[in-house]
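Student: I've got a structure open and I'd like to take a close look at a single part of it. Could you walk me through one sheet, strand by strand?

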Protein chains: 2
Amino acid sequence: MIAEILSVGTELLMGQVLNTNAQFLSRRLAALGVTVRHQTVVGDNGQRLREACRTALERADVVITTGGLGPTLDDITKRVVAELAGQALVLRPEAEEMVREQLAKRGCPVTEACLAQAMFTPDSLLLDNPNGTAPGAIVPMGGGRVVIHLPGPPEEMKPMFRDQVEPWLQERSGRVLVSRYLRIFGMGEAAVDARLRDLEEGGNPTLSPYCSLGEVQLRATAAADTEAEALALLEPLLAEIRARLGDVVYDVREDEDGGLAVSCVAALRRRGWTVATCESLTGGLIAATLVEVPGASEVVRGGLVTYQSVAKTLLADVPPELIERCDVVSAEVACAMAEGARRKLGVDIAVSATGLAGPGGGTPERPVGTVFLGLSTAGGTRAIPLHLTGNRARIRTLTMKHALNAVRCEAEGRSGAAEEKRLN
Amino acid sequence: MIAEILSVGTELLMGQVLNTNAQFLSRRLAALGVTVRHQTVVGDNGQRLREACRTALERADVVITTGGLGPTLDDITKRVVAELAGQALVLRPEAEEMVREQLAKRGCPVTEACLAQAMFTPDSLLLDNPNGTAPGAIVPMGGGRVVIHLPGPPEEMKPMFRDQVEPWLQERSGRVLVSRYLRIFGMGEAAVDARLRDLEEGGNPTLSPYCSLGEVQLRATAAADTEAEALALLEPLLAEIRARLGDVVYDVREDEDGGLAVSCVAALRRRGWTVATCESLTGGLIAATLVEVPGASEVVRGGLVTYQSVAKTLLADVPPELIERCDVVSAEVACAMAEGARRKLGVDIAVSATGLAGPGGGTPERPVGTVFLGLSTAGGTRAIPLHLTGNRARIRTLTMKHALNAVRCEAEGRSGAAEEKRLN
């Protein structure tokens with residue numbers, strides 16, 4: 001099955017909005033085994049939309065539009081597609097019900113313009129929109145092809161696609177697809193790729209890497225007639241990946257959620273530990289990222305942001321002589337910061353970070369990117385040196401990720417030495 | 001002048017990479033007065049790239065490609081375009097120089113594959129790439145049309161476009177375009193739009209809104225024969241916008257940088273104030289955002305992350321009885337947190353935030369989204385209540401932005417009462 005993504009909206013062509021919809025849809029379609037060969041963006045212009053849609057239908061089985069379903073005059077997507085289908089838009093009572101329900105929920109009056117959102121071709125399969133007023137639809141275009149209309153706002157589009165379009169596509173393909181997502185930290189994309197290249201070339205299951213700063217995520221997808229058969233195909237592959245990559249695989253999930261903070265909070269919870277932070281160059285980023293995880297309040301007690309040197313002394317009791325003697329960016333100061341935070345907040349584990357994020361301030365002995373983490377528990381305190389590269393934002397984000405990973409490893413009782421090595 | 005953006009890369013079609021390049025280019029081109037009618041994405045496939053490029057050249061004067069300039073076999077963009085131009089790729093000595101210099105800087109060996117990056121058609125205008133090994137080029141395609149090749153990685157593409165392509169486009173248009181960027185906080189997109197609609201319809205200068213969470217940015221662009229004439233067109237428009245919107249316009253700049261944190265740090269610096277934070281629901285986000293601003297270390301002393309209630313007492317000396325009596329989400333506790341942080345860190349101003357980010361924990365009296373900021377200076381301490389809506393991430397981000405704005409207003413000595421009203 002071949003799909004094309006057709007995003008509609010002048011705001012995209014003006015660069016006013018980032019097209020995250022195209023990435024989301026491409027990613028989900030890839031996991032469904034659907035091939036995407038083109039993504040196209042056009043504005044709210046009838047003629048150009050018609051041309052783009054006609055071209056897309058010549059080269060794809062499924063054309064997915066986002067945007068242009070709303071009540072204003074420049075919302076023309078449905079009309080243009082209905083014309084191509086040779087059908088008229090009619091007021092569909094089920095759709096009218098949906099629109100009225102959403103308007104009532106929002107306390108908005110029912111206007112004629114609003115009801116235009118309930119107009120579809122007679123044979124369109126309607127898609128409910130629990131997060132907005134414009135329903136979507138799957139529109140038959142003849143010859144087995146369809147156009148799928150989705151709303152533009154991502155918070156409306158994503159659940160509609162996931163909950164209603166994905167099951168429809170799955171059913172249509174006649175195959176069951178099962179995916180697992182592996183999360184990796186501490187090994188770069190190239191190294192992961194070098195170790196798994198032969199596995200990535202297999203036809204079923206497929207294996208695709210997705211990278212973000214310092215992290216690699218692998219999607220493994222198997223297609224079969226039943227879920228059990230698909231899982232039976234997946235399991236040996238997952239075991240092989242784990243055998244080849246080792247401990248850097250920190251999570252294997254059925255969904256794309258998760259991340260270092262989620263795994264860190266989960267590890268702390270399993271261990272029954274509370275955590276605190278003491279942050280210099282990250283300025284609160286480690287704590288703020290932990291707190292993003294729902295349920296973090298059970299384990300995250302709080303933290304200290306010790307940005308200026310004097311704050312390290314005022315808040316974490318780091319002796320000024322120590323800072324003077326060892327430099328503020330040093331293993332000794334990182335340890336003192338972690339110990340201070342653990343004591344002040346009375347937690348089981350504290351993590352600290354001090355370093356040079358740049359752009360200025362580097363010296364030959366301590367170049368920009370020199371960072372020390374401190375890790376303090378009842379069992380002792382130690383520093384983890386990091387040698388990072390890149391700009392200010394990159395160095396701070398990587399420091400945060402290394403800190404979360406270090407806390408996770410410690411809470412899991414894993415060998416610190418091995419981790420320290422890998423962390424660099 | 002009409003431009004089309006053609007992004008090349010199978011990783012985009014798989015959703016492995018978010019196409020931020022298309023937004024960046026669209027935005028910059030809009031500011032240059034260049035119309036973009038299509039954005040297209042194709043994979044590393046010769047036939048489909050050829051078709052997409054041919055189609056683009058039929059409808060645009062300038063086709064901008066991103067990606068596919070590297071040394072690997074699937075980097076085919078230049079070859080496909082050279083074929084369409086009816087020319088051969090030849091090793092261009094100036095380009096070879098560029099490639100060798102970048103390889104030497106990175107300590108990489110000079111291989112034949114690497115030198116493929118120096119192959120261009122004989123009449124291509126070369127574009128230097130100070131941040132990567134692949135040079136770009138402006139390729140004449142006949143009939144006054146050009147294809148502009150840019151590298152895929154944004155950190156290489158953006159400076160190349162800004163520093164080399166923009167001046168070329170400006171010169172070609174024969175007009176001088178001058179833009180100013182107005183940053184707005186405390187008034188929604190719809191309200192801004194309602195007040196400025198007639199101004200947005202003017203032909204020269206043009207006025208375009210760009211929105212992000214809780215903020216509106218306006219770009220005003222004037223075209224004229226000289227910079228002075230363009231500025232003379234812009235100035236009355238800027239004055240009119242300020243008159244209509246008032247204090248919510250917090251910055252007017254020549255570039256797109258800036259933001260609430262930048263303005264907040266600048267205001268603190270002008271006032272000669274140091275700042276500290278005390279954060280509950282934001283968990284360090286306010287401090288971390290301040291610290292993103294280069295030079296923040298002069299004014300940002302540090303902060304307290306008081307996530308669990310006990311941390312509010314341990315770190316900010318908030319009396320447990322006060323929390324018990326008033327609730328942890330209350331004006332009283334927000335004030336006590338701000339006072340505690342100001343005292344502990346010995347700063348001129350401290351800001352605190354306590355609130356319900358959800359999803360759970362709401363009551364009829366204190367629904368999710370109830371937030372109190374505390375603001376403490378030598379002149380006194382007061383609370384600012386916020387009633388926010390949306391999910392956890394949204395509520396926390398909006399809280400952070402309101403806090404930065406409150407500190408900025410206070411440092412600027414503006415009337416608190418007016419701000420408080422607007423903040424809600």
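Tutor: Let's go through one sheet of chain B, starting with its layout and then moving in to single residues.

Keep in mind that this is a predicted model. The sheet is an open one made of 4 strands, and if you read across it the order is β10-β11-β9-β12 (chain B), with antiparallel pairing. What stands at the edges? That's β10 (206-212) and β12 (249-253) of chain B, and each has a single partner strand, so one side of each is left without a neighbour in the sheet. Going from one strand to the next, you'll see a twist that averages 20°. If you're wondering what holds such neighbours together, strands of a sheet pair through backbone hydrogen bonds, and they can do that parallel or antiparallel.

Now pick out β11(B) and look at its two partners. On one side, β11 (residues 215-224) of chain B pairs with β9 (residues 176-185) of chain B over 10 bridges, in the antiparallel sense. You can check the register yourself: Val176(B) sits opposite Ala224(B) of β11(B), and Leu177(B) is across from Ala223(B). On the other side, β10(B) runs antiparallel to β11(B), and 7 bridges join the two. Here Cys211(B) stands opposite Val216(B) in β11(B). These two strands also make a hairpin, with just 2 residues between them. Zoom in on that turn and you'll find Gly214(B), which has a positive phi of about 75°.

How many residues of β11(B) are buried? It's 10 of the 10, so the strand is largely enclosed by the rest of the structure. Next, look at which way the side chains go. In a regular strand they alternate between the two faces of the sheet. In β11(B), Glu215(B), Gln217(B), Arg219(B), Thr221(B) and Ala223(B) point one way. Val216(B), Leu218(B), Ala220(B), Ala222(B) and Ala224(B) point the other way, and both sets are buried.

One more piece goes with this picture, back at the pairing of β9(B) with β11(B) over 10 bridges. Helix α8 (residues 189-200) of chain B packs on the sheet and touches β9, β10 and β11 of chain B. Its direction makes about 170° with that of β10(B).

So as you turn the model, follow β11(B) from the hairpin it forms with β10(B), and then look across to β9(B), its antiparallel partner over 10 bridges.

Key:
Residues numbered from 1 in each chain as written. Chains lettered and ligands numbered in written order. Predicted model: local features only at pLDDT ≥ 70, side-chain atom pairs only at ≥ 80, totals over all residues. Heavy atoms only, no water. Pairing = 2+ DSSP bridges. Axes fitted to C-alpha atoms, helices over the stretch in contact; angles between N-to-C directions. Contact = heavy atoms within 4.5 Å. Buried < 20%, exposed > 50% of the residue type's maximum accessible area, 1.4 Å probe, protein only.
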